[in-house]
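This report introduces selected features of the structure shown below. Please keep the sequence and the 3D view at hand while reading.

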Amino acid sequence: MDSIYSHSQIWIPETIRDIHTRSDGGYMLSGFRPFYDFPTFDELVFLASGLTRFPLEGYKEKSKTKTVIGSRSSSKPLVIETPVYVASRADLSADLRAALALGSALAQTALSVGGSLHPGERKVKALIHEIPSGARTQPSSTGKADALQINVSNGTSVDSLARFIRTVREKQEYRGPCLVSFPAGRVRDDTRAAVRAGADAVVLKGLETRAALSIEDSMRFNRMPIIAAISEAREALRENRVLGEVQIIAATGIRNGADAAKALALGADAVAISDSALIASGYDSPLKMPSAAPRRAGRDDVGIAAERVAKYITSMTMEIALLSRSLGKGNVHSLEFEDLASLTIEASRMTGVRLAGD
Amino acid sequence: MRIEAWLASRVVSGRSDERDETLVEEIQAKAELGRYRIRGFSTFQRVVHFDDVVFLPRTITNSSVRPASPRQVRTTTSLGSRHAKNPMKLATPVYITGMSYGALSKSAKTALAKGAAKAGTATCTGDGGMLPEERRFSSTMIYQLNASRYGVSPRDMVLGDAIEVVVGQGAKPATGGLLMGQKVSETIAEKRDLPPGIDQRSPTRHPEWLGPDDLGIFIETLREVTEWKVPVQIKIPACRVKDDVKLAAKTGADGVVIDGMQAGTGASSEVLLDHSGIPTLPGIVLAREALEELGLAGKVYLVASGGIRNGLDAAKAIALGADAVAIGQAAIISLNCNRELPGITNFVKEVGVEAGYCTMCHTGRCPVGITTQNPVLERRLVVDEAADRVASFLNSMTEEMRFITSALGKRDVHELGIDDLAALNLEAAAMTKLPLVGSERPSAKGDRRT
């Protein structure tokens, strides 16, 4: 949009469009993030091997990618072939949900989704069923899911969360892991609380979130960047002496294998992709609500889309392994803090990763 | 590309959208490929670079030094006096870095050798052996030893004026060379003992040595082969710079080349190009510190490379502590990389993008005949004309270095030091330990930790 304000820092074209759209009674869609800039994984780089460490060879030496989530207290932890899994959503069209489910199955990884399950979602390698923390009735899907993810909302106390987890575990003889997900606000405190309530893993959602369709959606932007969230969660786990026991999952801002590898190095154990998986699927309008999404895809289209999702995950897994080998690590979970350097002072302060040259 | 409809349907436009489009394109490409992407050129990340530090010329305060006109400024550079009987003597502290015959065409390699010789400086072979023309036309030739050992022969090695052992490259640290099948022509295949048309992925670890101790023994072998005549330098990607440079110095090398993350390449996986290694600027500073801590600064020479574009960049690198700089991408661009040649090239038709946006080095479809093995394309690069361009470019860099050295009241480009520089932003200041412009100057002894 051409505007005399195009060069302004505050009145950028997006802001002007936003106000116009609101005054028309609508709400604006914003892509992958708010309109402003904030530190991302791009501000961190890996310190590959030189003379100090030996790199592993690409075609001879493997860097293992197998990932275990929920080994703290569940007798049946999630075991997946790659640290990248797919976060699906109940508000997507049925075909798209089927494609994401099949894609995750092809990639031998997990799928997380809330609401009532789509038939395809029951066939995935590892199903993480998302339930709101306030749910009064016990989820009927508990038996079918390989893991439960409790999405904590405002006003959930540690006690009620602990009670909820206990009920699921005891009364329903649930043996899988309980993941606790929360928006990345007070990550350090919330991680400690989740650990105390009995969480096997925390799922962090930073401000790199999907498009805002409503005022409610836009509240997602009131969070911290994921790089800071992972670092805070790691510190909380260290303080509680459960680092390595409770897993950290980064569920926003992952665009490629480099992002995922950096998340692992910062302290995450796995990453969840959602928007990027939708884009990979090649579908028309992933952001449209199901009622608006025309049901035009046939079965084959679902298969093709699933294959694309799987290939995308494979590419990410290869990238993680490539970086991991360049650091001389035979397992992607051996990536560590010291493998990184920061390119900006902000990223360095947020994560504690040393500035390059420091 | 159905996603385009989705993008178009969004109401946003402008700055953030551009990045979104790149991201969508990247994700979709991988969804089709099922593997990581490979491309040429160098990183697209925005990182601290030479523009973030600035020279502060002396004018009235210049009284203690006899002023030199730019013409009087000395630029001659001697590299390798630590152990070698015959150090490299260069007319300028800028030389052309190693780029393989294979990644580059024979015409491009020959033009670089001729151009470098004209400008009185060195050129370097690359991962794929020495081209006879390269030796014939260059005045100073660095013979490169890579982990792959492609095309390496002791007969050629003794013809070198220096030997470079490559630990890694800034553009793709800790991985070996990549030469896509499209570029493995019959000639290249024969030289590297490979089947033609097959992707060549070089190993990353050297066959003779694993760690610095073995490397020390290997370097001694190289010295025996070359009768202790020529300098041996080690090329390191800028990652764990301080430790790596100390270990490199410990092996007994004459010099260390530190290659920053902005370095170019003919082919690399994108993740390594964009997400591995630290910028050249802090790379140089850390390397210099490492040598100072060992008491070897000035004894072990330091070469900086990675994104050096002009004489000012080179002068800044020297002021930060380098003894010389190496250029790769800039030299390639001087050969007309990414330039539409009317009546000869058609970038849009041949590589699908306009000149200025091409990163197709890895495909062998280089429209200007540089990174190709296709004889038709290669003919577009006229060797002698190209050699003149390289020489003119190198001379312009030297000229620039002379002017800035003179403006700073010094008589030799190697007299440039950290007290001639200041940083323009906090990142650059923190990474280089230079004072921020306008803040307190460091002491004359150069206390960098201000």
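## Strand β14 of chain B

In this predicted model, the residues of β14(B) are directed to two sides: Tyr301(B), Val303(B) and Ser305(B) point one way, while Leu302(B) and Ala304(B) point the other way. In a regular strand the side chains alternate between the two faces of the sheet. On both sides of β14(B) the residues named are buried. The strand, which spans residues 301-305, is accordingly described as mostly covered, with five of its five residues buried.

## Neighbours of β14 in the sheet

Two strands of chain B pair with β14(B) in the parallel sense: β12, residues 255-259, over five bridges, and β15, residues 324-327, over three bridges. In the pairing with β12(B), Val256(B) stands opposite Leu302(B). In the pairing with β15(B), Val303(B) stands opposite Ala324(B).

The connection from β14(B) to β15(B) passes through helix α11 of chain B, residues 311-320, and forms a right-handed β-α-β crossover.

## Strands β1 and β13 of chain B

Strand β13 of chain B covers residues 265-269 and is mostly covered, since five of its five residues are buried. Its partner β1(B), residues 38-41, runs antiparallel to β13(B), and three bridges join the two strands. Within this pair, Arg39(B) stands opposite Ser268(B).

## Contact between chains A and B

How many residues of each chain take part in the contact between chains A and B? The contact involves 55 residues of chain A and 65 residues of chain B. On the side of chain A that touches chain B, two or more residues come from each of α1 (13-23), β1 (44-46), α7 (257-266), α8 (275-281) and α9 (299-326) of chain A. Helix α9(A) gives the most, with 10 residues. By residue class, this side of chain A consists of 28 nonpolar, 17 polar and 10 charged residues.

## Tyr312 of chain A

Helix α9 of chain A contains Tyr312(A). Is this residue, Tyr312(A), buried or exposed? Tyr312(A) counts as buried because 30 other C-beta atoms lie within 10 Å, and the cut-off for a buried residue is 20 or more.

Leaving aside residues up to four places away in sequence, Tyr312(A) touches Ala277(A) and Ala280(A) in its own chain, and Ile27(B), Lys30(B) and Ala31(B) in chain B. Tyr312(A) and Asn256(A) are 56 residues apart in sequence, with a C-alpha to C-alpha distance of 8.8 Å.

Conventions
Residues numbered from 1 in each chain as written. Chains lettered and ligands numbered in written order. Predicted model: local features only at pLDDT ≥ 70, side-chain atom pairs only at ≥ 80, totals over all residues. Buried ≥ 20, exposed ≤ 12 C-beta atoms within 10 Å, placed from the backbone. Helix = DSSP H or I, 4+ residues; strand = E, 2+ residues; numbered from the N terminus. Pairing = 2+ DSSP bridges. Right-handed = clockwise from strand over helix to strand, strands pointing away. Contact = placed C-beta atoms within 7 Å. Nonpolar A, V, L, I, M, F, W, Y, C, P; charged D, E, K, R; others polar.
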